[in-house]
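Reader: I would like to learn how to read aromatic pairs in a protein. Could you walk me through an example?

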Amino acid sequence: MASALRPLLLWFVLCATTLQTAFAAPSFAGSNLYYAAGLYNDQATTLLEGLQSAGMKVLRVWLDGEESGSQKGTDLNSFHDLEPNQVCNGDASCYDDTVLQRLDAFMVMAHSYGIKLLISMHSWNALSAGDVYAQQYGTGYFYEQSDAQNAFDQRLIHVLNHQHSTLGKPWKELKDYIFAFEAENEAMIGKGEQYVQDHADWQCGRATTIKGQLGDNSGILVTTGGESWLSESVQDAFLNCAALDIISIHAYGPGDLTTDALTPYVQKAQDAGKKLLLEEWGACYFDTGNNDCPTGDQLDTNTRNNNLKQWASAITQAGIPWLYWQVIPNGDPHSGFDYEVGLNSDPTWGTLKAAALDTAKANSAFDFSAYLL
């Protein structure tokens with residue numbers, strides 16, 4: 001009888017070992033701040049001190065120009081887009097490197113707080129707002145035509161080879177400061193999930209360009225920039241792309257922010273040898289649907305805090321690290337599409353901070369330890 005039970009006991013041991021291994025790596029949390037390049041030093045210090053106090057390890061930043069002088073109540077040192085007047089197509093004299101130089105200084109500051117940057121090198125937001133790529137190619141040909149893709153690849157190459165102002169190395173070699181690169185925030189999202197599926201090779205093509213510059217042992221990851229929701233973010237073609245290390249998820253609908261919804265994608269990513277990152281999620285300040293948060297009446301603070309706590313816990317239980325959208329270094333003015341949490345005075349900051357610290361104590365299904373400070 002004992003000998004007959006041995007294979008069954010061995011099977012249970014192997015299963016337990018497999019499950020333990022799958023969640024043996026430490027998890028982490030972080031945040032987004034798309035206009036970080038415009039922060040003044042005192043604002044940057046406030047932000048980084050706050051993120052550090054919450055144990056946050058990664059901050060996602062963009063390269064889109066910010067010329068309004070203010071975003072989300074944050075006074076900004078304005079700067080132009082990297083390609084302010086025309087598609088540069090590799091002409092070094094055409095690019096305005098101000099945004100890169102600003103981030104040179106910011107990433108050094110972030111490093112001193114134990115934080116690395118995830119750099120998004122373009123955004124659907126800029127394209128849909130009529131930037132130089134939209135003006136030259138439109139929002140369709142940009143993803144569909146090889147000449148547009150080649151010109152955009154030159155932007156990526158320019159960024160990756162930008163010589164850091166003080167460190168004396170190109171960004172593609174700054175593994176101690178940069179966590180990951182992505183080609184574009186939410187590529188193609190305005191065109192629907194079928195379009196994303198039909199043109200998924202755009203994402204892999206841009207990742208291949210990035211990886212070609214980084215090499216295979218750079219210590220810097222390559223990720224997608226997420227899509228509109230969970231299923232749209234995790235395409236089979238992304239999982240099958242050799243150049244992609246991370247598949248980034250953007251999800252704001254409560255139905256996507258559950259452990260049961262997320263777990264099948266964890267298994268798919270593990271089977272494909274990829275990592276997942278819930279790169280954007282947030283708890284809406286208004287009493288609207290969480291994924292439709294343009295404006296409205298204030299949601300009860302306890303309800304919002306409970307939402308945030310519940311969703312952060314669900315993401316963490318699924319084994320996925322996450323970046324909140326977004327922590328800001330000032331009081332939240334509660335402008336449109338308000339998921340922001342302001343440091344110090346915001347009644348939701350304590351909840352978000354506690355959730356991030358809890359995540360840092362948890363285990364992840366994906367091992368990022370070699371890429372974090």
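Author: Happily! Both Tyr34 and Trp62 are buried, where buried means under 20% relative accessible area, exposed over 50% and partly exposed in between, with a 1.4 Å probe and protein chains only. This is a predicted model, in which local features need pLDDT of at least 70, side-chain atom pairs count only at pLDDT 80 or more, and totals for chains, interfaces and linings use all residues. Residues are numbered from 1 along each chain as its sequence is written, and side-chain values use heavy atoms, leaving out hydrogens and water.

Reader: How is a pair of aromatic rings described?

Author: By the distance of the centres and the angle of the planes. Rings of Phe, Tyr and Trp (its six-membered ring) pair if their centres lie within 6.5 Å; planes under 30 degrees apart are stacked, over 60 edge-to-face, and the rest tilted. By this rule the count is 19 aromatic pairs. For Tyr34 and Trp62, the ring centres are 5.4 Å apart and the planes at 40 degrees, so this pair is tilted.

Reader: Which parts of the chain does the pair of Tyr34 and Trp62 link?

Author: Distant ones: Tyr34 is in the loop between β2 (29-32) and α2 (41-53), while Trp62 is in strand β3 (residues 58-62), 28 residues apart. Strands (E, at least two residues) and helices (H or I, at least four) are DSSP runs, numbered from the N terminus.

Reader: And what about Phe142 and Tyr143?

Author: Their ring centres are 4.9 Å apart with planes at 80 degrees, so that pair is edge-to-face. Phe142 is buried at 0% relative accessibility, and Tyr143 is buried at 1%. Both belong to one aromatic cluster with Trp124, Tyr133, Phe152 and Trp202.
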